[in-house]
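Reader: Hello! Could you take me for a close look at one part of this model, beginning with a single loop and going on to whatever lies around it in your account? I would enjoy a friendly walk through the details.

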Amino acid sequence: MDWRSASLANRNPQRRLISFVQIALLVAATTPNLGTFHVVSAATDPAQVATLRAIASAFPSSNSFFNAWTGDDPCAASNSGWPGVSCESNGTGNHMVTSLTLQGLGLSGQLPPALFELTTLTSLDIALNPGLTGSIYSTIGSLSSLSMLDMHGCSLSGSIPATISLVKKLNFFAVNSNKLSGSIPRQVANLTDLFFFDITDNQISGPVPVQPGFDTCTNIAHLHLGRNQLSWLPGELGRLPKLIHLLVDNNRLNQTFPAGLSGSSSLLIIHLSNNTIQGRLPPSLNLPQLQDLSLHNCSMPPQPLLSLAGLPALCYLDLSRNNFQGSVPLALFSSHPELVTLNLANNHLSSNLPPALASANLSRLHSIILPDNNLTGPVPHLDTLPAIATISLYDNHFAWAPDVMLSNDNVTLQLYGNDLCVPYRPEVSTACSPPRDIMQYQPPLMCDHFSCPSLYAPSPPLFALSNVCVCVSPLEVELKLTAPQYAVFNDDLAKLLVERIAGSLSKNGISISTGQIAIVSIEGSILSPSSITTTIRFFPPPSSSSASSSDSSSSANSSSTWQPPDQPEEIREVFVWHKVVLGTDFGPYTVAGMYGPDSPPPPPAATSGGGGMSTAAIVGIVVGGVVTLAVIALLLVWLLVLRNKTKDLWTSADYKAIEGLQRLGVHRCKLKEIEDATQGFKTLLGEGGYGQM
């Protein structure tokens, strides 16, 4: 079984807040018929205990997670409480359940109504259980203390109940990747503490509500509404003072660009791709902090390309698959010195690219994506830009490109379908090859070849001390990044992603170095703005002995020196609450899965990581070989003795009897002869002193 797919039933529960003094509650009741006494020792409200048991009984008994829900008190300090259940003191010595975490347990069946009977909950997390069906009950309104509700990655249906308005302390609401329908209730106007609202990837329809609606949610920062059936986006959202992410891509909008968004001093990202945007972009569009604007495939009518000078902080601009026409203005580049990716593919742009583009102040420009247009003339010397990695110009009418640019191995140049590629020229064969649409990246890992048992993974390069690899049990997080398109995702970008993650964790009080974070893989589409999927592993810190020993093969793999990570739950919490800030280089993210860590590594079984075996390993092999040879020699001696003893059991009369049988025609049969004579061992030959044959 692959370590990633191992059951999460044994993972550590969330940290519990338990009072220092547990007062035993003794309730004695006399039963008239039997005259016996019943003693209850639980310090948690018995009604809440019964509710938790009802939740557990709603799921198949095969789910071993709930086997640990034993005892009468889920909050008892004596037995460390029940996994997934966190408690707080109510001030009288008793406890109340404040958090329930059932994320990623493989739960299936109907969502139990009892979940919404734990009225003291402040956090409820049942995310990433795709077999979980049912609907969000209207009784959710009874959870008046709830601030965090995460139900993403299940199979819930029905609508968002209007009683959500009664959960007035709600700060985080994530129901993305379900099967919800209906509309967004206008009663969200009462959720004035709301910070994060994610309904991505459902079937929710109707307008985005305002007056009343989100316009009164003055603390909201994230509105993730993509991949639904929404029909209207109001400009009033531009007045929300803290809104930074407005993601409404892949809906059924059919309107002009919401002019009311102009003037927002907080918006960082606007994604409206795969909708219908009528009319032209407002020439006076003013969004001073906006870093990412995506209007891919919006059926925008014919119009010239603007310089968009009112967006000075722009890093990523995607206007692909529309009807922009005319030339590409140099001001589009000079007005945006922080530009990283420009995607103008599949439009009707014409004329030459400005030659001055090669010397423009564009120190961060990574990708220029301009295929499927009518651009002509020579290709400017774009490979002189310091950060450029991708120049995608295929299916245009370029007639010439600098030879030095064609031979630059550090830049991915795509010129397929241009005039300069006909007739075939060997020196441009790579640039003129058909482009690929899938971007895949796997960083080189020193221990990538290293084989580990189930539940374990090879350590990242930091742990490859003295070229010795280590098997450890990391926390693995799978993310879907709403990132710009990258034709090439290189080591520099991977390093930047790791630095952003480590920096965000550090700001949230989690000390972890970049060497403890490893990117396993990244995959996405080059030309269409779909999410990039990445898998990231977080490793425990190396033990002090493995860091200091010159021969670390034995110490680094020893379970006695291995230091388990003390922060996996904290890392999970930071990701789930979207406190990790990746920046517009990688966009907003969705947590698609979390796995491990489950247990410490196996006993020492070190293998060299490519630099030769350690002394301990060589000594072990030699000693093992000597012992093996000695055992084989003893076994041969024993067989010879046994053979001689067996011969001594036969008398001369026995040998004469055998010779007599052979003279009578009796002979030794081969197994094949017996099989043929018995039709495949099916026919009985007869019986003798030893039974049937």
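**A loop, a sheet and some further sites**

Author: Gladly! Asp395 sits in the loop between strand S24 (390-392) and S25. Before going further, please keep in mind that this is a predicted model. The phi of Asp395 is near 55°, a positive value in a residue other than glycine. With 29% relative accessibility, Asp395 counts as partly exposed, as it falls between the 20% limit for buried and the 50% limit for exposed.

From that loop we come to S25 itself. Strand S25 belongs to an open sheet of 5 strands, in the order S17-S19-S21-S23-S25, with parallel pairing. Strand S17 (303-304) and strand S25 (397-400) stand at the edges with a single partner strand each, so one side of each has no neighbour in the sheet. What joins S25 to strand S23 (residues 374-378)? There are 3 bridges between these two strands, which run parallel. As for individual residues, Gly377 has Phe398 in S25 as its bridge partner.

Moving inward through the order of the sheet, S23 is also joined to S21 by 3 bridges, again with the strands parallel. Here the bridge partner of Ser351 is Leu375 in S23. Next, strand S21 (residues 348-352) is linked by 2 bridges to strand S19 (residues 324-326), and these run parallel too. Gly326 has its bridge partner in S21, namely Leu349. As general background, strands of a sheet pair through backbone hydrogen bonds, either parallel or antiparallel.

Asp395 has company in its backbone geometry. Leu128 also has a positive phi, of about 60°, although it is not a glycine. Leu128 is found in the loop between strand S4 (123-125) and strand S5 (131-133). Is Leu128 buried or exposed? Its relative accessible area is 15%, so Leu128 is buried, while Asp395 is partly exposed. Another backbone detail belongs to a loop as well: Gln211 and Pro212 are joined by a cis peptide bond, with omega about -5°. Pro212 lies in the loop between strand S9 (205-207) and strand S10 (222-224).

For the wider setting, the protein has 10 helices and 35 strands. Of its 693 residues, 47% are buried. Taking contacts between residues at least 6 apart in sequence, 57% join residues at least 24 apart.

One helix shows how burial can be arranged. Helix H1 (residues 46-57) has 12 residues and reaches 16 Å from its first C-alpha to its last, close to the 16 Å expected at 1.5 Å a residue. Its buried residues are Gln48, Val49, Thr51, Leu52, Ile55 and Ala56. Seen down the axis of H1, these fall within an arc of 160°, so they line one face of the helix. In general, an α-helix has 3.6 residues a turn, so residues three or four places apart point the same way. The buried residues of H1 pack against strand S1 (85-89) and strand S2 (95-101). Pro46 and Ser57 are the exposed residues on the face of H1 turned away from its buried side. At the N-terminal end, Asp45 caps H1, with a side-chain oxygen 3.0 Å from the backbone nitrogen of Ala47.

Aromatic rings give us another theme, and 11 aromatic pairs turn up in a search of the whole structure. Phe538 and Phe575 make one edge-to-face pair, at 5.7 Å centre to centre and 65° between the planes. Phe538 lies in strand S32 (residues 532-538) and Phe575 in helix H7 (residues 568-576), so this pair ties together parts 37 residues apart in sequence. Phe538 counts as buried at 2% relative accessibility, and Phe575 does too at 0%. Phe575 also pairs with Tyr589: the ring centres are 5.9 Å apart and the planes stand at 70°, so the pair is edge-to-face. Tyr589 lies in strand S33 (residues 589-595) and Phe575 in helix H7, so the pair ties together parts 14 residues apart in sequence. Tyr589 is buried, like Phe575. Elsewhere, ring pairs link Phe59, Phe65, Phe66, Trp69 and Trp82 into a cluster.

We can finish in strand S32, which also holds Arg537. This arginine has a relative accessible area of 14%, so Arg537 is buried. Which side chain does Arg537 contact? The side chain of Arg537 makes a polar contact of 2.7 Å with the side chain of Glu476.

Methods
Residues are numbered from 1 along each chain as its sequence is written. This is a predicted model: local features need pLDDT of at least 70, side-chain atom pairs count only at pLDDT 80 or more; totals for chains, interfaces and linings use all residues. Side-chain values use heavy atoms; hydrogens and water are left out. Rings of Phe, Tyr and Trp (its six-membered ring) pair if their centres lie within 6.5 Å; planes under 30 degrees apart count as stacked, over 60 as edge-to-face and the rest as tilted. Helices (H or I, at least four residues) and strands (E, at least two) are DSSP runs, numbered from the N terminus. Buried means under 20% relative accessible area, exposed over 50%, partly exposed in between (1.4 Å probe, protein chains only). Two strands pair if DSSP finds at least two bridges between them. The expected span of a helix is 1.5 Å times one less than its number of residues. The arc is that of the directions from the helix axis to the C-beta atoms. Contact means heavy atoms within 4.5 Å. A polar contact is a pair of N or O atoms within 3.5 Å; within protein, one must be able to donate a hydrogen and the other to accept it, and residues adjacent in sequence count only if both atoms are side-chain atoms.
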